[in-house]
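Here is a quick tour for someone meeting this protein for the first time. Have a look at the sequence and the fold, then read on.

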Amino acid sequence: MLIQMSDDMKPTAMSAAQRLCGNIRPPRATERVHTFFYQNCELRYVHLLNPSPPFERELIGATDFDILPAGDARRISDIKRGVLAQRISATAPLVIEANGISRQIELLIEPWLGLQGELLGVAGHAQDVTQQRKLEKALDAQFHEMCTIFDSLELIVYVADFETHELLFTNAFFQRLFGSDGRGQTLLRGAPGRADATLRLLLM
């Protein structure tokens, strides 16, 4: 769904969208499509693609103060003004209430440049990452539970990168035995101190 933009702006909007696409990960099947937005130098919306909360209503000519709580609008607007002033990319988290549900939105904002390099405003995208954050939180909880179990064992437990053999995780027994967590070391070089010979045996 495209919302108004003059024909002379469309080539630069497409260019901005292509740059943004290079900086974002593909959406998962359970996630919503990215919302792309464009604002002029006064930070008024001039174009939207695939609107989703909080961008679902008519926004052409509106600012963030028309769609967000004052505190959020001020914070996001300050970030966008920084993008305009320094011509650099920026990211910003945003939490909104949509249909009575708290949603976490991830914003990526870039300078929107014309064909001659003139500054037209900001271009950006917004994505609902609520499910992704929930999954990350659940995985963190599982990892901490696994660490608790491994730390209770009176034997060496470690995790290493399959290709580089770099130690990524070691349990409490390992750390007490060798006086270091060994992370960042490789199995081929061995861990600090007495770990060298032991880990060489473990690798065989």
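What follows goes from the overall fold to the cores, two helices and a few single residues.

This is a predicted model, so to speak of local features a pLDDT of at least 70 is needed, side-chain atom pairs count only at pLDDT 80 or more, and totals for chains, interfaces and linings use all residues. Residues are numbered from 1 along each chain as its sequence is written, and side-chain values use heavy atoms, with hydrogens and water left out.

**The overall fold**

The protein has five helices and seven strands, where helices (H or I, at least four residues) and strands (E, at least two) are DSSP runs numbered from the N terminus. Walk along the sequence and you meet the pattern α-β-β-α-β-β-β-α-β-β-α-α. Of the 204 residues, 38% are buried; buried is under 20% relative accessible area, exposed is over 50%, and partly exposed is in between (1.4 Å probe, protein chains only). The protein exposes about 11900 Å², with carbon and sulfur atoms supplying 56% of it; these areas come from the Shrake-Rupley method with a 1.4 Å probe, and for residues only the protein chains shown count as cover.

**The cores**

Which residues have the most contacts inside the largest nonpolar core? They are F37, L68, L94 and L107, in a core of 21 residues. Such a core is a set of buried Ala, Val, Leu, Ile, Met, Phe, Trp, Tyr and Cys residues joined through side-chain atoms within 4.5 Å. Two or more of its residues come from each of β2 (45-49), α2 (70-86), β3 (90-98), β4 (101-113) and β5 (119-128). A second, separate core has five residues, among them F36, Y38, V46 and A123.

Take L107 as an example: setting aside neighbours within four places in sequence, L107 is in contact (heavy atoms within 4.5 Å) with F37, I76, A90, T91, A92, L94, H125 and A126.

**Two helices**

Here are the lengths of α2 and α3. The expected span is 1.5 Å times one less than the number of residues.

| Helix | Residues | Expected span | End C-alpha distance |
|---|---|---|---|
| α2 | 17 residues | 24 Å | 24 Å |
| α3 (130-151) | 22 residues | 32 Å | 32 Å |

In α2, the buried residues are A73, I76, S77, K80, V83 and L84. Seen down the axis of α2, they fall within an arc of 110 degrees, so they line one face of the helix; the arc is that of the directions from the helix axis to the C-beta atoms. On the other side of α2, A85 and Q86 are exposed.

In α3, T130, Q132 and C147 are buried. They cover an arc of only 160 degrees around the axis, which puts them on the same side of α3. The buried residues of α3 pack against β4, β5 and β7 (167-170), while the face turned away from the buried side carries exposed K134, Q142, E145 and T148.

**Some single residues**

L43 is not a glycine, yet has a positive phi of about 60 degrees. L43 is in the loop between β1 (35-40) and β2, and is buried at 6% relative accessibility. R87, also not a glycine, has a positive phi of about 55 degrees. R87 is in the loop between α2 and β3, and is partly exposed at 43% relative accessibility.

How many disulfides are there? The count is zero, taking a disulfide as a pair of cysteine sulfur atoms within 2.5 Å. C41 is partly exposed at 41% relative accessibility, whereas C147 is buried with a relative accessible area of 12%.
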